[in-house]
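User: I would like to learn how to read a protein model. Can we go through one step by step?

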Amino acid sequence: MNMHQQNRKRGIASKAREGAFTLVELLVVVTIIGLLVGLISVAVPKAIESGMKAKAKGELTAIVSAVKAYKQEYGRWPSANTTSDKSFEGDDSKSLLAALSGMSNTLVENPKSVRFLEGADTDGKMKDPWGTQYLILVDTDDSNSMTYKSKTIGISVFAVSFGKDQKQDANPGSGDDIFSIDLK
Ligand SMILES: [Ca+2]
């Protein structure tokens, strides 16, 4: 065996050693994969939930803008009731959102069929990401003040998502409810 052949043999042997994992290397890889899986399983649901919250906030903002645009267009708030502020919940909320979407509705009229709002279905159902109909408060008596669960709000349109638990906060801000504006 000449020197060249010896060198070649050594080279093949060291290459074979490089190609194989040692037990320690394998354990390190397995541990890293385990950590990554752990991190992902925590991070992904968190990201999904914060995405849902952002979607709800965006829809609340769109609803408030749509009600204000309705007032601009028709010179009145979307409700026949002008003696006290109006709270649109459940079927009333559906009627309001249907009218704001340009659909005909008996409770709230939109005779010009203006599309103030996008995203509601043909029944006016525009549920929050957890499947609950939004709650909308309108200052129909034009006092520039509304009361929401004994909190005074100095704005004309206010909208609420009941959040992941699908229940209204006992005290606004004590639970997971999402509001169109931050309540103090
Ligand atoms: Ca809630």
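The questions below go from the overall fold to single residues.

User: In what order do the elements of the protein run from the N terminus on?
Analyst: This is a predicted model. It holds 3 helices and 6 strands. From the N terminus on, the order is α-α-β-α-β-β-β-β-β.

User: What share of the residues counts as buried?
Analyst: Start with the cut-off: a residue is buried if 20 or more other C-beta atoms lie within 10 Å of its own C-beta. The protein has 184 residues. Of these, the buried share is 29%.

User: In what order do the 4 strands of the open sheet stand?
Analyst: Follow the pairs. Strand 1 and strand 2 pair over 3 bridges, and 4 bridges join strand 2 to strand 5. Another 2 bridges join strand 5 to strand 6. The pairing is antiparallel, and the order is 1-2-5-6.

User: Which strands stand at the edges of that sheet?
Analyst: The order of the open sheet is 1-2-5-6. An edge strand here has a single partner strand, so one side of it is left without a neighbour in the sheet. That holds for strand 1 and strand 6.

User: Which helix packs on the sheet?
Analyst: Look at what touches the strands. The helix in question touches strand 2, strand 5 and strand 6. Its direction makes about 155° with that of strand 5. The answer is helix 2.

User: Which residue stands opposite Phe158 of strand 5?
Analyst: Strand 5 is joined to strand 2 by 4 bridges, and the two run antiparallel. Within strand 5, Phe158 and Val160 point one way, while Val157, Ala159 and Ser161 point the other way. All five are buried. Opposite Phe158 stands Leu137.

User: And which residue of strand 6 stands opposite Val160?
Analyst: Strand 5 and strand 6 run antiparallel, joined by 2 bridges. Val160 stands opposite a residue of strand 6. That residue is Phe179.

User: How many residues of helix 3 are buried?
Analyst: Helix 3 covers residues 90-100 and is mostly covered. Its buried residues include Ser93, Leu96 and Leu100. They pack against helix 2, strand 1 and strand 2. Of the 11 residues, the number buried is 8.

User: Is Ser93 buried or exposed?
Analyst: Ser93 lies in helix 3. Count the C-beta neighbours inside 10 Å: there are 22. The cut-off for buried is 20 or more. So Ser93 counts as buried.

User: How far apart in space are Ser93 and Lys127?
Analyst: In sequence, the two residues are 34 residues apart. The distance in space runs from C-alpha to C-alpha. It comes to 9.9 Å.

User: Which element gives the largest share of the largest nonpolar core?
Analyst: In soluble globular proteins, nonpolar side chains tend to be buried together. Here the largest nonpolar core has 32 residues, and those with the most contacts inside it include Ile63, Tyr134 and Ala159. Helix 2, helix 3, strand 2 and strand 5 each give two or more residues to this core. The largest share, 7 residues, comes from helix 2.

User: Which residue of helix 3 does Tyr134 touch?
Analyst: Set aside residues up to four places away in sequence. Tyr134 then touches residues including Leu60, Ile63, Ser93 and Ala159. Of these, one lies in helix 3: Ser93.

Conventions. Residues are numbered from 1 along each chain as its sequence is written. This is a predicted model: local features need pLDDT of at least 70, side-chain atom pairs count only at pLDDT 80 or more; totals for chains, interfaces and linings use all residues. A residue is buried if 20 or more other C-beta atoms lie within 10 Å of its own, exposed if 12 or fewer, and partly exposed in between; C-beta atoms are placed from the backbone. Two residues are in contact if their C-beta atoms, placed from the backbone, lie within 7 Å. Two strands pair if DSSP finds at least two bridges between them. Axes are lines fitted to C-alpha atoms, for helices over the stretch in contact, and angles run from 0 to 180 degrees between N-to-C directions. A nonpolar core is a set of buried Ala, Val, Leu, Ile, Met, Phe, Trp, Tyr and Cys residues joined through C-beta atoms within 7 Å.
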